[in-house]
Amino acid sequence: MGLLAWITLLPLFGAALVMLVPREEEAIHRGLGLLTALVTFVVSLLILPDFDSAQSGFQLQVDKVWIAPLGIRFHLGIDGISLWLVLLTTFLLPVTLLSPQAIGIRNVRVREFIVAMLVLESGMIGAFLALDLFVFYVFWELMLIPMYFIIGIWGGDRRLYAAIKFVIYTLVGSLLMLVAILYLYSQWHAATGSYSFDYTDLSHLTLPIVPQVLCFGAFALAFAIKVPIFPLHTWLPDAHVEAPTGGSVILAAVLLKFGTYGFIRFALPMFPLAAEAAAPLIATLAVIGIIYGALMAYVQDDAKKLVAYSSVSHLGFVVLGILTLNPQGVQGALYQMLGHGISTGGLFFAVGWLYDRRHTRRLSDFGGLWKQTPTFAACFLIIVLASVGLPGLCGFVGEFLVLLGTFTANRTWATTGMVGYFPMPKLYGAIAASAVILAAMYLLTMYQKLMFGPLDKPENKTVRDIHGRETWVFGIMVVAALVMGIAPQPILSRSEKSVNAFITGYRDRLQDARRSPETLHVYPALPPAAPAAPAAAPAAPPAVVPPGGVVQ
């Protein structure tokens with residue numbers, strides 16, 4: 001079946017096993033869920049020895065006919081861009097299920113929660129690996145369903161409002177993207193005479209400028225909502241605040257990355273002219289989001305909402321890095337996705353732990369916990385500093401590369417005919433850099449209010465330090481933050497060829513589209529079909545031998 005297919009489907013098999021266990025056996029549900037997630041992670045590590053970092057294309061492909069009359073194939077593949085996002089997903093799921101706070105304080109329907117998390121994992125892995133747009137859309141929607149239930153069943157007091165808002169925002173973008181996918185499907189038939197949803201086919205289809213703008217708008221809206229880019233972010237704070245800890249961790253660490261991944265994989269390569277036209281607007285909104293998210297985080301008294309707004313700011317860096325279209329910026333964007341997954345995932349673990357101990361997230365209700373919980377305070381400090389972007393931790397490398405790519409963008413564009421892809425990149429880089437200072441302000445202020453000051457509230461004097469599984473969870477996240485900060489090269493070296501291929505491919509397609517913006521064509525042109533072999537002459541009918549023995 002192929003290694004990638006096993007990685008994608010293993011969580012579904014585990015979910016089916018969990019559903020077979022009686023409802024009251026909660027310990028078995030948790031154990032089976034954690035075992036499934038661990039096995040999936042171990043199997044995903046087998047990608048690394050088989051992955052050739054010298055190649056830029058898709059590797060370890062699985063390509064099976066699914067619905068032949070419609071040209072739909074179960075086509076999976078991995079490259080240097082999706083590799084680390086898949087490993088981030090399979091790494092965080094077992095850590096999340098290991099956490100005692102994953103399900104939140106509404107410790108009900110444990111079996112269904114574990115199943116929802118495993119189905120969510122399968123959807124996320126499949127969406128990162130899918131090379132058929134129909135299959136991609138199936139996995140994209142598969143992610144939506146379990147997250148809706150995770151927020152709506154195990155969330156806080158306003159969980160239904162947050163879950164419905166999350167679904168409405170995401171579904172609007174998804175349905176428009178589906179319309180654009182079907183249009184691409186029909187246009188491929190118009191250009192080639194065959195039907196295909198395959199990404200390796202449709203990524204070479206160049207639409208005329210008007211339908212290209214419309215299709216880009218549909219794809220970009222779906223991805224912008226998922227990032228989320230300002231001003232489409234309003235669903236995110238509600239979803240984060242109401243979701244249980246496990247839901248918040250996966251939502252921030254993995255689900256938001258599908259927006260930025262979608263821009264790299266689909267929106268820019270498939271619609272180059274439209275992307276060029278929209279780049280100034282998207283870059284401007286990204287920079288606004290960086291500052292807006294940081295300022296909104298600074299004024300929050302709810303620790304969880306503070307971390308939620310910090311994601312709006314951090315993901316703005318990713319979008320800005322992608323639009324630089326140079327190796328430093330795009331590599332930085334990819335690394336920022338991974339670093340944000342570790343640091344912000346760790347922050348949500350910490351906020352979930354605090355809420356589990358005190359049943360409040362208001363910063364003013366805490367203070368003096370450093371003396372009471374020294375181990376937690378030390379781990380929490382490292383995670384906070386990682387999110388700030390301290391050198392030596394996971395948050396620094398990505399932000400530095402994005403800013404470097406932004407400040408040098410004009411120099412790169414001048415050599416590739418793309419001058420002014422978005423306006424004033426140095427100014428945008430300077431504004432974005434100021435958000436690093438703002439991040440230190442809101443995160444260190446949060447840490448000071450939670451950990452320092454007098455221990456003068458009676459409820460805080462009984463808070464226990466982390467122990468057991470909690471120690472493992474925070475220890476793993478701290479080690480991951482340190483490793484990514486100290487040794488980024490193993491990640492960057494494996495993504496380098498694919499990132500360069502993305503940049504070069506986009507520039508080539510943009511130049512081709514500029515030459516013929518009003519024509520539907522395939523670039524590069526398809527090789528001519530081999531002439532069909534002449535049909536063999538029909539065989540002569542057998543001779544009839546009559547009873548007399550004379551052949552007629």
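This short talk goes through some salt bridges in one structure, which is a predicted model.

The total first. With a side-chain nitrogen of Lys or Arg required to lie within 4 Å of a carboxyl oxygen of Asp or Glu, the count is 13 salt bridges. I will take three pairs and then one network.

The first pair is Arg265 and Asp79. Their side chains form a salt bridge, with 2.8 Å from N to O. Where do Arg265 and Asp79 lie? Arg265 is in helix α12, residues 257-270, while Asp79 is in the loop between β2 (72-78) and α4 (80-98), so this pair ties together parts that are 186 residues apart in sequence. As for the surroundings, Arg265 and Asp79 are both buried.

The next pair is Asp456 and Lys457. Here the salt bridge has an N to O distance of 3.7 Å. Are these residues buried or exposed? Neither term fits: Asp456 has 49% relative accessibility, so it counts as partly exposed. Lys457 has 24%, so Lys457 counts as partly exposed too. The cut-offs behind that are under 20% for buried and over 50% for exposed.

The last pair is Arg515 and Asp512. Their closest N and O atoms are 3.8 Å apart. Both sit in helix α22, residues 489-515, and because they are three residues apart there, about one helical turn separates them. Arg515, at 59% relative accessibility, counts as exposed, whereas Asp512 is buried, with a relative accessible area of 7%.

Finally, the network. Arg23, Arg111 and Glu112 are joined into one network by salt bridges that share partners.

Technical notes:
Residues numbered from 1 in each chain as written. Predicted model: local features only at pLDDT ≥ 70, side-chain atom pairs only at ≥ 80, totals over all residues. Heavy atoms only, no water. Helix = DSSP H or I, 4+ residues; strand = E, 2+ residues; numbered from the N terminus. Buried < 20%, exposed > 50% of the residue type's maximum accessible area, 1.4 Å probe, protein only.
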